[in-house]
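Please examine the structure shown below together with its sequence. The paragraphs that follow lead through it step by step.

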Amino acid sequence: MFDKYKKYKIIAVVVFIIGLAVFLLGNLKIQSVKSYQEEHKNNGYVALENETDALSTAKQESNKKETNANETISPKEIQDKEIDGQTANNNTTLDNLEQSLSENETNTVSPENLENSTNSIDKTDSNQVVNPDNINLDDLDKTQSENTTSESTSEPQYITCSIEIRCDVAVEFKDSIKNEGIKNSIPSDGTILKKISYKIPVGQKVYDFLMQACVDNHILVAANNGYVTSINNLSEKAISYGSGWMYKVNGISPNVGAVSYTLKEGDTVLWYYVNNGKDG
């Protein structure tokens, strides 16, 4: 009787140790949605409701650039403004001189002195008038270009991309999955995340895009050193040894990992589940 209970105790301890080891190993490999969200709180992502919004945003940005370009002052307008300013200064100076004469009658100014003052003003103003021939248009254009570049670099740069997550092949092999938890997490139409557009900062990677989209849509995702092992509780090898997650950009499978692929304007990302190379 004593030996029988001892045997059961040993078995129970071994089972407990194995279970604890599996639990700890799983926690080390999985990067939860909650932890990723804490690390990426203010990353500049803006979800767009549909494709129309994305096109509208891009059009507005284009119109804004065209408006700024149209508002640029031409060299001729600059010259005209400077000449008008100098003319206004001349009139102001003469008005002040006449007012001074009328207010102070004891200080008589001879016609010769008045003429000399006028000539002095004309001479000074003539030296201040901008000669169009002396303007270097190349320098002017360079200055305007530098100002425009300075203004543009001071603001965050964004691009518009879209993302979609599907598991059609998992639906096809759903009956072969023994784990009920995984089986129940597979949507009947294969759509884990319908196509959605985002306005994202320049320089983002496919991996970052996936993580943020899953955070925003409350989709559980797991990864190991940037390699995605599970999305929506559908893990790799759930169907067979050759099943798992892959991605495409604009319908093409890149030959680099998701952590290395930099997104460009208009890119469409598709994450999809495969089984021995078959994606549905």
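A salt bridge is counted where a side-chain nitrogen of Lys or Arg lies within 4 Å of a carboxyl oxygen of Asp or Glu. By this rule, the structure has 4 salt bridges. The model is a predicted one, in which local features need pLDDT of at least 70 and side-chain atom pairs count only at pLDDT 80 or more, while totals for chains, interfaces and linings use all residues. Residues are numbered from 1 along each chain as its sequence is written, and side-chain values use heavy atoms, with hydrogens and water left out.

The chain as a whole comes first. Helices (H or I, at least four residues) and strands (E, at least two) are DSSP runs, numbered from the N terminus. The protein chain holds 9 helices and 8 strands. A residue is called buried under 20% relative accessible area, exposed over 50%, and partly exposed in between, with a 1.4 Å probe and protein chains only. Of the 280 residues in the protein chain, 27% are buried. Accessible areas come from the Shrake-Rupley method with a 1.4 Å probe, and for residues only the protein chains shown count as cover. The accessible surface of the protein chain amounts to about 18,700 Å², and carbon and sulfur atoms account for 52% of this surface. Contact means heavy atoms within 4.5 Å. Among contacts in the protein chain with a separation of 6 or more, 72% are between residues 24 or more positions apart.

Near the start of the numbering is helix H1, which spans residues 2–29 and includes Leu20. Leu20 is partly exposed, because its relative accessibility is 41%. Together with Val13, Phe16, Ile17 and Phe23, Leu20 makes a nonpolar surface patch of about 530 Å². Such patches are made of residues with over 30% relative accessible area and no salt bridge; like charges are joined within 9 Å, and nonpolar side chains (Val, Leu, Ile, Met, Phe, Trp, Tyr) within 5 Å.

The salt bridges can now be located. Side chains of opposite charge can pair when their charged atoms come close. In one case, the side chains of Arg166 and Glu164 meet at 3.5 Å, N to O. Glu164, Arg166 and Asp168 are linked in a network of salt bridges.

Another salt bridge joins the side chains of Lys183 and Glu180, at 3.8 Å from N to O. Both residues belong to helix H8, where they are 3 residues apart, about one turn of the helix; helix H8 covers residues 180–184. Which of the two partners is buried? Lys183 is buried, because its relative accessible area is 17%, whereas Glu180, at 46% relative accessibility, counts as partly exposed. Beyond residues up to four places away in sequence, Lys183 touches Lys174, Asp175 and Ile177. The C-alpha atom of Lys183 is 8.8 Å from that of Ala170, a residue 13 positions apart from Lys183 along the chain.

A further salt bridge connects Lys264 and Asp267, with 4.0 Å between N and O. Lys264 lies in the loop between strand S7 (243–249) and strand S8 (268–275). The partners again fall into separate classes: Lys264 is partly exposed, since its relative accessible area is 46%, and Asp267 is buried, since its relative accessibility is 4%. Lys264 also touches Ile159 and Cys161, leaving aside residues up to four places away in sequence. Between the C-alpha atoms of Lys264 and Gln204, 60 residues apart in sequence, the distance is 8.6 Å.

The sheet is the last region to consider. Two strands pair if DSSP finds at least two bridges between them. Three strands form an open sheet of 3 strands in the order S4-S5-S6, with antiparallel pairing. Its edge strands are S4 (221–224) and S6 (234–235), each of which pairs on one side only. Strands S4 and S5 run antiparallel and are joined by 4 bridges; one of the partnerships sets Ala223 opposite Val228 of S5.

Strand S5 (residues 227–231) also contains Ser230. Ser230 is buried, because its relative accessible area is 11%. Apart from neighbours within four places in sequence, Ser230 contacts Leu220, Val221, Ala222, Ser235 and Trp245. Helix H9 (residues 206–216) lies across S4 and S5 and runs at about 150° to S4. For this angle, axes are lines fitted to C-alpha atoms, for helices over the stretch in contact, and angles run from 0 to 180 degrees between N-to-C directions.
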